[in-house]
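Trainee: I am new to this structure. Could you walk me through the terms as we go?

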Amino acid sequence: MGVQITQTAHAVPQKIMTNQELSQLMDTSDEWIRSRTGIQQRHIATDETTASLCIQVAQQLLQQAKLPATALDFIVVCTMSPDCFTPATAAVVQGAIGATNAFAYDINAACSGFVYGLSVVQHYFQTDQPVRGLLIGGELLSRLLNWQDRTTAVLFGDAAAGVLLENSNTAHLLASDLATYGERGGQLTAGYRGGARQMVNCINQIKPYFQMDGRAIYTFATRGVPASIQRALQLANLTSRQVDHFILHQANTRIIAQVAKRLQQPLSKFPQNMAAYGNTSAASIPLLLDECVKSGRIKRGDILVLSGFGGGLTVGTQIIIY
Ligand code: ACO
């Protein structure tokens, strides 16, 4: 049996913060943010939480599929910004929607989380029994931002998005490539919460808020993403030309243009929505997927490359027949 994405959905906080509004809070400008990143606005949580956004996504997915929550076998949430360490965000979702037959846990691979998650949950479909599960990327990155630091505060946004996965008679998830470069982890850090005993020396340098060597991450992404895509395509016995849409992590429009150039593919095959949402980490790939599916840009049978990169450092690619 194979596994197929049968539904997609997303949810974002109501409040929108534009580049103009940010420029009143810190020494930045719409022109700088737009030209360096392609971002024009982002959604920022007020009352929403990581779990509440993921619950909205789960409910939408079930509603679209006309399924009761009890039909689910698993719920996996990919997040680097959970509301708390335990219970896991996925467990909160499971309880809130009444998915009493589902087991639930979180995965953290930063902005590569959704792609890593797809690779992990495929395992549950290696059976003849019918299986259904939700894979959701959910982030409240605004809680990891130092609003005085213009080098990071302008980049990120809050969102959740996900998919319903079900068995299928044919293979839809064709191949994946995952790679981690832990020795470079210090180039993108966030979320240190302190502690009396610090067993790992490097932890002392990690702060509660995002700290990033932007140039290093830029170089990592523009080299690492095309290399990961090429490895995954080779495993799937496909070439870049055969791919209909490249659904990349939405961090920076210049990174996407570089990846397109390195793969020698037209930019028109690379849908983008970071202008409206900023970088939403693990939510960004399923959020773009949902928008493309709902607008009709992605159709059943299209060949998709999903590719993410980010903290860890991590990079990951999944090749799909949608
Ligand atoms: N507004 C105005 N000026 C700014 C801002 C800002 N928001 N931020 C930085 N600057 C200034 C800098 O201080 C610097 O000034 P200086 O020349 O006087 O020192 C100048 O702009 C250039 O700064 P750089 O950091 O060199 O700018 P760069 O062109 O590299 O762009 C950026 C920065 C957008 C962060 C880019 O490096 C990038 O996109 N990197 C990739 C980051 C990324 O994708 N991260 C997400 C990873 S995913 C995850 O896991 C969360």
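Mentor: Happily! β11 and strand β12 (residues 303-310) pair in the parallel sense over 4 bridges. Before we go on: this is a predicted model, in which local features need pLDDT of at least 70, side-chain atom pairs count only at pLDDT 80 or more, and totals for chains, interfaces and linings use all residues. Residues are numbered from 1 along each chain as its sequence is written.

Trainee: What makes β11 and β12 a pair?

Mentor: Two strands pair if DSSP finds at least two bridges between them. Strands themselves are DSSP runs of E with at least two residues, while helices are runs of H or I with at least four, numbered from the N terminus. β11 and β12 have 4 bridges, so they meet the rule of at least two. In this pairing, His245 stands opposite Leu304 in β12.

Trainee: Why are β8 and β11 called edge strands?

Mentor: The open sheet has 4 strands in the order β8-β13-β12-β11, with mixed pairing. β8 (173-180) and β11 (245-248) are its edge strands because each pairs on one side only.

Trainee: How do you know the angle at which helix α5 runs to β13?

Mentor: Axes are lines fitted to C-alpha atoms, for helices over the stretch in contact, and angles run from 0 to 180 degrees between N-to-C directions. Contact here asks that the C-beta atoms of two residues, placed from the backbone, lie within 7 Å. By that reckoning, α5 (residues 113-121) runs at about 60° to β13 (314-321), lying across β8, β12 and β13.

Trainee: What makes a residue part of the shell around the ligand?

Mentor: A residue counts as near if its C-beta atom, placed from the backbone, lies within 6 Å of the molecule. The ligand is surrounded by 23 residues, and the closest are Thr28, Cys111, Gly214, Ala251 and Gly310. Helix α7 gives the most to this shell, with 5 residues.

Trainee: How is the shell divided by class?

Mentor: It has 11 nonpolar, 9 polar and 3 charged residues. Ala, Val, Leu, Ile, Met, Phe, Trp, Tyr, Cys and Pro count as nonpolar, Asp, Glu, Lys and Arg as charged, and the others, Gly among them, as polar.

Trainee: Where do the bounds of domain 1 and domain 2 come from?

Mentor: They come from an automatic or database domain assignment, which gives domain 1 (2-169) and domain 2 (174-321). The contact between them takes 43 residues from domain 1 and 42 residues from domain 2. The ligand shell draws at least three residues from each domain.
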